[in-house]
Amino acid sequence: MAPVRTTGAVVAATAAISISMAVFSYFLLFKKTTSTLHSNKKKKPRNGVVDAIGNTPLIRINSLSEATGCEILGKCEFLNPGGSVKDRVAVKIIEEALESGDLAPGGVVTEGSAGSTAISLATVAPAFGCRCHVVIPDDAAIEKSQILEALGATVERVRPVSITHKDHYVNIARRRAVEANELAAKNKKASQVDGKDWDQMDGCTPDQEKENPGFLSLCNGGFFADQFENMANFRAHYEGTGPEIWEQTSGSLDAFVAAAGTGGTVAGVSKFLQEKSPRIKCFLIDPPGSGLFNKVTRGVMYTKEEAEGRRLKNPFDTITEGIGINRLTKNFMMAKLDGAFRGTDKEAVEMSRFLMKNDGLFLGSSSAMNCVGAVRAAEALGPGHTIVTILCDSGMRHLSKFYDAKYLSQYGLTPTASGLEFMSTK
């Protein structure tokens, strides 16, 4: 049988078919890609500031990952509208209070806060038709008070004292809510007795507003947010932050580490993650003067040297704001922890500068301390593990203390490290 000859026409036809298929595949892929990009651009806008809270990105902290041999990931909570992780808590607290009737529309939310929770409450309260009154220790960074006032909150700065003192900022905030409720009840009773149809402003008459300046001018009652003991704090992270971390890592994480102030973040996230997978190790990073490290590692709340009244500065000897405490809160008691690490002020300061220089991350004091904890966890677990921490807020509200060279020099905290030698990490 004679061999079959392939003519030029056949070759040309075959080539044409191949080219046609390639072009078809390209346009099919191009259409699919552009369609996907187009659909991403057409995502529905979020419904107001409240709906914009949460679903923050989880990023790889390159410098720390490369230094430790672990994948160290940071949850960018500073990208929330109010600039911190506390936005989640503020929304949950107000939503639950309105649902239960403990807070009335037009009422005032009071809180004692070192800054971040107060700023978050002041940010979201107007979206719920409410106002905010904040009691803040006068040694907190001044820019926090300035931000609160700019947000329309009433700010009451008081001297720092022990939590057992009646004039601790948290206890004063609790009283302010009671006073607002008493005034609201008094005005309601007077209105019913006199039967007058007053021209009201935010629930008050103009005359009453002059007689009762500040938060007392809001007569629709008050609600004490109570971030330390209000379990809405824990639920915000158990229902939100924890599930987001699980989804963003596809469940492939080995450890979670964070500091605690109220305890809501570390408790909510740790409990959720360990329920999903008991193999995930959860750790606390604790600043100077706080008793939580001893509670987790030794079963006692604090040593004699750390007892209230023995420290040089109240509430504790540290420049990190919003973390560290010497009592067990209801929120913290929900935490599922495998261990704890100590962090120092010097490590937090050096870490913040290291991350700014190497990663472009401008972080606040608690975020820097959390990253110290992430490195500690990496050292404890060894290379090859994935570790997640919380980047609570940016450095913008820490300029007058944590990022002030003169202030730091007074306490011997001027950053000098060129690398991670302050962490004993090569």
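Two strands are said to pair if DSSP finds at least two bridges between them, and this idea is needed for the first of the views below, all of which show a predicted model.

**View 1. Strands β3 and β4 run side by side in the predicted model.** Strand β3 (residues 108–112) and strand β4 (residues 131–137) run parallel and are joined by 5 bridges. Two positions help to follow the pairing by eye: valine 108 has arginine 131 of β4 as its bridge partner, and glutamate 111 stands opposite valine 134, again in β4. Helix α5 (residues 116–124) packs on the sheet, where this helix touches both β3 and β4, and its direction makes about 170 degrees with that of β4.

**View 2. The open sheet to which these strands belong.** The sheet has 4 strands in the order β5-β4-β3-β6, and their pairing is parallel. At its edges lie β5 (154–158) and β6 (222–224), each of which pairs on one side only. From one strand to the next, the twist averages 20 degrees.

**View 3. The two faces of strand β3.** In a regular strand the side chains alternate between the two faces of the sheet. Are the faces of β3 covered or uncovered? Both are covered, with Val108, Thr110 and Gly112 buried on one side, and Val109 and Glu111 buried on the other. The strand is accordingly described as mostly covered, 5 of its 5 residues being buried.

**View 4. The largest nonpolar core.** In soluble globular proteins, nonpolar side chains tend to be buried together. The largest nonpolar core of this model has 38 residues, and those with the most contacts inside it are Ile61, Leu64, Met351, Leu355, Cys371 and Ile387. Two or more residues are given to this core by each of several elements, namely β2 (71–76), β7 (255–258), β8 (281–286), α12, α13, β10 (386–391) and α14 (405–410). The element that gives the most is α13, with 8 residues. For a closer look, leucine 64 can be taken as a starting point: leaving aside its neighbours within four places in sequence, leucine 64 is in contact with Ile72, Met351, Phe354, Leu355, Cys371, Val375 and Leu420. A second, separate core of 32 residues includes Val158, Tyr169, Phe293 and Val388.

**View 5. Cysteine 371 and cysteine 392.** A disulfide is a covalent bond between the sulfur atoms of two cysteines. How many disulfides does the model contain? The count comes to 0, and the pair shown here lets the reader follow the reasoning for one case. The cysteine sulfur closest to that of cysteine 371 belongs to cysteine 392, but the two are 8.9 Å apart, which is too far for a bond, because a disulfide needs the sulfur atoms to be within 2.5 Å. Cysteine 392, for its part, is in no disulfide, and its nearest cysteine sulfur is that of cysteine 371. Cysteine 371 counts as buried at 0% relative accessibility, and cysteine 392 is also buried, with a relative accessible area of 14%.

**View 6. Salt bridges within two helices.** Side chains of opposite charge can pair when their charged atoms come close. In helix α12 (residues 345–359), lysine 346 and glutamate 350 are 4 residues apart, so about one helical turn separates them. These two residues form a salt bridge in which the closest N and O atoms are 3.3 Å apart. Lysine 346 counts as partly exposed at 27% relative accessibility, whereas glutamate 350 is buried, with a relative accessible area of 3%. In another helix, arginine 376 forms a salt bridge with glutamate 379, and here the closest N and O atoms are 3.7 Å apart. This second pair lies in helix α13 (residues 365–381), and because its members are 3 residues apart there, about one helical turn separates them. Glutamate 379 is partly exposed, with a relative accessible area of 39%, while arginine 376 counts as buried at 18%. Elsewhere, salt bridges that share partners join Lys75, Glu77, Arg88 and Glu244 into one network.

**View 7. The salt bridge between aspartate 167 and arginine 175.** The side chains of these two residues, aspartate 167 and arginine 175, meet in a salt bridge with an N to O distance of 3.0 Å. Aspartate 167 counts as partly exposed, at 25% relative accessibility, and arginine 175 is partly exposed too, at 31%. The structure as a whole holds 19 salt bridges.

Note on methods:
Residues are numbered from 1 along each chain as its sequence is written. This is a predicted model: local features need pLDDT of at least 70, side-chain atom pairs count only at pLDDT 80 or more; totals for chains, interfaces and linings use all residues. Side-chain values use heavy atoms; hydrogens and water are left out. A salt bridge is a side-chain nitrogen of Lys or Arg within 4 Å of a carboxyl oxygen of Asp or Glu. Buried means under 20% relative accessible area, exposed over 50%, partly exposed in between (1.4 Å probe, protein chains only). Axes are lines fitted to C-alpha atoms, for helices over the stretch in contact, and angles run from 0 to 180 degrees between N-to-C directions. Contact means heavy atoms within 4.5 Å. A nonpolar core is a set of buried Ala, Val, Leu, Ile, Met, Phe, Trp, Tyr and Cys residues joined through side-chain atoms within 4.5 Å.
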